[in-house]
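Biologist: I am new to this structure and would like to go through it slowly, one question at a time. Could you show it to me before we begin?

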Amino acid sequence: MTSKPMQRMFGVDSPDFALVFESTVYPDGTEISAGAFIQPKIEAGIVFVMGSRLRGPGVTAADARAAVAGVGASVEIVDSRIVDWRIVDWRIKLADTVADLASSGAVARSNRLVSLSDVDTRLVGMVLSRNGELVDTGAGAAALGDPVDVVAWLADTLGDSGVALEPGQLIMTGALHSAVPMAAGETYVAGFDRLGSITVHIVD
């Protein structure tokens, strides 16, 4: 929930967060079984890999930028254990998503990392296609105005509990568009300006 439309939808003014488990991280071009999820949707987003330790409070965007090893492309599969999680009648709130591991199911990420000195993440455009047909578009600025600011926010938020972002950790910065329902037999490609593309094949 780093985008303003998602925050308005849930009636909150802040993102949420949860752990990303190594067992749910997949490489570019992977096959992912739809049957492993309950009610999955696809979201494309920008990810960072930490290069050095970053701990709040008081973390600035400049601090976050200096601590990041690189930025890359990703596709997240969001899923939920909550019945009818489409926010029908606004019944699902921030606390529900926190309890639901931030609706995290899996993530596929590119092995290619780009230095932040070579890209302005606010201006990174994204195009998502399904079986070769355009599904949605987005830009990096959808994530708190700048995905780097997501890293700073997370470091500050975790710092309040004495937790730091550590080298090598993967930081997902949120969807750049509306979540797209997915099904077996579909191939998704998310193409990012300067970052390259990421592909996932959804199988039975």
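Biologist: Which residues does Phe192 touch, not counting residues up to four places away in sequence?

Modeller: This is a predicted model, in which local features need pLDDT of at least 70 and side-chain atom pairs count only at pLDDT 80 or more, while totals for chains, interfaces and linings use all residues. Residues are numbered from 1 along each chain as its sequence is written, and side-chain values use heavy atoms, with hydrogens and water left out. Taking contact to mean heavy atoms within 4.5 Å, and leaving out residues up to four places away in sequence, Phe192 touches Ala44, Gly45, Ile46, Ala73, Ser74, Val124, Gly125, Met126, Leu176 and Ile198.

Biologist: Which element supplies the largest share of the largest nonpolar core?

Modeller: A nonpolar core is a set of buried Ala, Val, Leu, Ile, Met, Phe, Trp, Tyr and Cys residues joined through side-chain atoms within 4.5 Å, where buried means under 20% relative accessible area, exposed over 50% and partly exposed in between, with a 1.4 Å probe and protein chains only. The largest such core has 45 residues, and Phe192 is among those with the most contacts inside it, together with Phe48, Leu54, Val151 and Leu165. Helices (H or I, at least four residues) and strands (E, at least two) are DSSP runs numbered from the N terminus, and among those that each supply at least two core residues are β3, β10 and β11. The largest share, seven residues, comes from α4.

Biologist: Which residue in β11 is the bridge partner of Ala190?

Modeller: Two strands pair if DSSP finds at least two bridges between them. Strands β10 (residues 187-192) and β11 (residues 196-203) run antiparallel and are joined by six bridges. Within β11, the bridge partner of Ala190 is Ile198.

Biologist: Which strands stand at the edges of the open sheet, each with a single partner strand?

Modeller: Five strands form this open sheet with mixed pairing, in the order β2-β11-β10-β6-β7. Each edge strand has a single partner, so one side of each is left without a neighbour in the sheet, and these strands are β2 (30-33) and β7 (133-139).

Biologist: Where does Arg194, with its positive phi, lie?

Modeller: Most residues other than glycine have a negative phi, and most peptide bonds are trans. Phi of Arg194 is near 75 degrees, a positive value, and Arg194 is exposed, with a relative accessible area of 53%. The place of Arg194 is in the loop between β10 and β11.

Biologist: Is Asn131 buried or partly exposed?

Modeller: Asn131 lies in the loop between β6 and β7, and its phi is near 50 degrees, a positive value in a residue other than glycine. At 47% relative accessibility, Asn131 counts as partly exposed.

Biologist: What is omega for the cis peptide bond from Gly56 to Pro57?

Modeller: Pro57 lies in the loop between β3 and α2. The peptide bond that leads to Pro57 from Gly56 is cis, and its omega is near 10 degrees.

Biologist: How many residues apart in sequence are the parts that Glu166 and Arg53 tie together?

Modeller: A salt bridge is a side-chain nitrogen of Lys or Arg within 4 Å of a carboxyl oxygen of Asp or Glu, and by this rule the count comes to two. In one of them Glu166 pairs with Arg53, the closest N and O atoms being 2.9 Å apart. Glu166 lies in the loop between α4 and β8 (170-175) and Arg53 in the loop between β3 and α2, so the parts tied together are apart in sequence by 113 residues.
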